[in-house]
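Reader: I am in my first year and would like a close look at one part of this model, the charged side chains that pair with each other. Please explain the terms as you go.

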Amino acid sequence: MSNRPLSSALLACGLLLPAVLTAQGPGIPPSTRQQFPADPKASVPVVSQLMRSTTSELADVVTRFAADQAALQRRYDGNDSPVQRRRMRAFFTAWREQLVAHDFERLSQEGKVDYVLLDNHLRYQLDLMTREERQLAEVTPLLPFADTLLALHEARRDLLSINGQQAARTLAIVTLQVDSLRQLLEPSPARASGDSARASRAAAPRVSRTAGNRAAERLDRIRATVGQWYRFYSGYDPMFTWWAANPYQKLDEAMRRYAQTIRQRVVGIQGANAAPAPGGGAGAAPTPPRNAAAANEPIIGDPIGAEGLAMDLRHAMVPYTADELIAIAEREYAFNENEAKKAARQMGFGDDWKAAMEKVKNAYVEPGRQPDLIRDLANEAEAFFGKHDWVTIPALAREDWRMEMLSPERQRVSPFFLGGENILVSYPTNDMTDEEKMMSMRGNNPHFSRATVFHELNPGHHLQGFMTARYNPHRRLFNTPFWNEGMALYWEFFLWDHDFHVRPEDRLGALAWRMHRSARIVFSLSFHLGKMTPEQCIEYLVDKVPFERANSEAEVRRSFNGSYSPIYQAAYMLGGLQLRALYKELVMSGRMKEREFHDALYRGGPMPIAMVRARVAGTPLTRDGAAPWRFAEQLPPHRPFPVR
């Protein structure tokens, strides 16, 4: 093996370009992280100041509701069983009846804020259950046996005595149902041609590709629940084990094959990708979740339509239609593209901002040096904030964050670093393909990273989590991406306006993300409106945003894989714009100082930005909340950089 440094070896084989930067990146002095504050007392708050912090009369009410909701969700854990749904609907309804009976007018503004937030949460949970029930009805033709199997789990949760012979009979009957349904979708080879095959297919349940994907995922969850139910008794109850061992193994295999058939015949996922993860068997561990990204499966998603988007936007207290929000995003994109052309001209590329972006992406650091870069960028951002009196970053919040590396599997879904108390760094590992390595290094170059490290750490997600745990923690129940992601993105706007990005390369790095957030609104809402397919979303990102194709695909995959709410991706820029409008209303008008304003955002706790406005600006509230706030008409202009 050669003794050459890794960077030289990679350069020789074409994996690194000559533009590779040193570990510190451009203009960032070598640094190490401060390991301990010079004065340990600086991280300890003044007790008397904490005692004077105000809260809401309904804080304990919200805390009690959240605890009760979590307790019931743990107790009724048969996912989407009739028993679970009835109990949770009754719970939300009863709580809303109790809340409505309270004297709203006697509450303080903070109390009214909590009243509106809790009522908004309750109404949304009930609305969500109605939407989910419609979705369940769409997959019932493929899973008519679902409630029968979930009833076994609910009986165990009710601590009912088990009859092994009866349980075995139930398993055997359901196995016949599962096999019969699978055969309708997948005729046997002997009937692969002729009228009998056509008749068999004609009798098969007819559902959409989206509903089929939903059915396969639900079947995976039911299979895992039945496995949990079986393992509770297996070996501990001799008679149950004697009767049920063989029927359970047959049912588990039948469900596994049926899920694979649904994915192949209804969803269109072919080959090994359609197979669920192995599981089941008498002593098997719970079935692990499928890794669609690792299997390179097609992206399906589950669009909720204009009505569903309107419901989610109502819950977020955003008084715009999806089409209006897309128009707002397109206006933001136009500003970003114009600024990108300015930076490209400064770099000698004329108006070809995409070519300028290519140069920026090729300025990556060598393998192994990305943690040093992220450390130094975090230090640079904190030092910049330290020069100004914009926001309180407690000493402990500067000390307690940590760093870990993202696995290759997670990078397929999250190609850029993630943040909070623990910043997760995305960069290649030795077992990635050459293409994957280049995609990761180029996509996580120093200029892109410089524009978002503070988004993830201080004063972004880490400071948010730090303050949320210490001020009005009961409001964690009301967390929304418009607050969580919107506030972190707001700081990107803020630092742009305050000349954090002076060099054209750094401005392009910041603009890449702003273009990305504009594009997120367009592609995610368009998908749920039925105007774009996942493939079209990927092509849109490749055209509009200077990300690598694999990173664009990962972005679309994580947007529609069910781990994020339908409006989550739109909330980044929209939440940031809401806070910009509020900054103009309160700070630019002279009503509040910058530090006072920003500290109030953190100490109020997470909530829709319209309610942040209500508590910080003191806008009038009724039981139904605040009057609709058309924030987009009140935005301050973005600061354009002068043409040089």
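Author: What follows deals with the salt bridges, then with some loops, a surface patch and a helix pair.

The model is predicted, so local features need pLDDT of at least 70 and side-chain atom pairs count only at pLDDT 80 or more, while totals for chains, interfaces and linings use all residues. Residues are numbered from 1 along each chain as its sequence is written, and side-chain values use heavy atoms, with hydrogens and water left out.

Side chains of opposite charge can pair when their charged atoms come close. The term salt bridge is used here for a side-chain nitrogen of Lys or Arg within 4 Å of a carboxyl oxygen of Asp or Glu. Searching the whole structure gives 48 salt bridges.

One of them joins Lys342 to Glu339, with 2.9 Å from N to O. Both residues belong to helix 12 (residues 322-346) and sit three residues apart, about one turn of the helix. Helices here are DSSP runs of H or I with at least four residues, numbered from the N terminus. Lys342 counts as buried because its relative accessibility is 12%, and Glu339 counts as buried at 1%. The word buried means under 20% relative accessible area, exposed means over 50%, and partly exposed is in between, using a 1.4 Å probe and protein chains only.

Another salt bridge is formed by Glu555 and Arg558, whose closest N and O atoms are 3.7 Å apart. These two are separated by about one helical turn because they are three residues apart in helix 24 (residues 549-560). Glu555 and Arg558 are both buried.

A further salt bridge brings together the side chains of Glu382 and Arg398, at 3.7 Å from N to O. This pair links distant parts of the chain, with Glu382 in helix 14 (residues 370-386) and Arg398 in helix 15 (residues 395-399), 16 residues apart. Glu382 is buried, since its relative accessibility is 13%. Arg398 has 30% and therefore counts as partly exposed.

Salt bridges can also form a network, as they do among Asp80, Arg85, Arg89, Glu132 and Glu133.

Next come some details of the backbone in loops. Asn458 and Pro459 are joined by a cis peptide bond with omega of about 10 degrees. Pro459 lies in the loop between helix 19 (453-456) and helix 20 (461-468). Leu159 is not a glycine, yet has a positive phi of about 65 degrees. The loop holding Leu159 runs between helix 6 (146-157) and helix 7 (164-185). With a relative accessible area of 74%, Leu159 is exposed. Met317, also not a glycine, has a positive phi of about 60 degrees. Met317 sits in the loop between helix 11 (305-315) and helix 12, and counts as buried at 18% relative accessibility.

On the surface, Met239, Trp242 and Trp243 make a nonpolar patch of about 380 Å². Patch residues have over 30% relative accessible area and no salt bridge; nonpolar side chains (Val, Leu, Ile, Met, Phe, Trp, Tyr) are joined within 5 Å, and like charges within 9 Å. Accessible areas come from the Shrake-Rupley method with a 1.4 Å probe, and for residues only the protein chains shown count as cover. Trp242 is part of helix 10 (residues 238-267) and is exposed, at 62% relative accessibility.

Last is a helix pair. Helix 21 (residues 481-497) packs against helix 25 (residues 568-588) at an angle of about 60 degrees, with the axes 6 Å apart. Helix 21 is therefore oblique to helix 25. Axes are lines fitted to C-alpha atoms, for helices over the stretch in contact, and angles run from 0 to 180 degrees between N-to-C directions. Angles under 35 degrees count as roughly parallel, over 145 as roughly antiparallel, 65 to 115 as roughly perpendicular and the rest as oblique.
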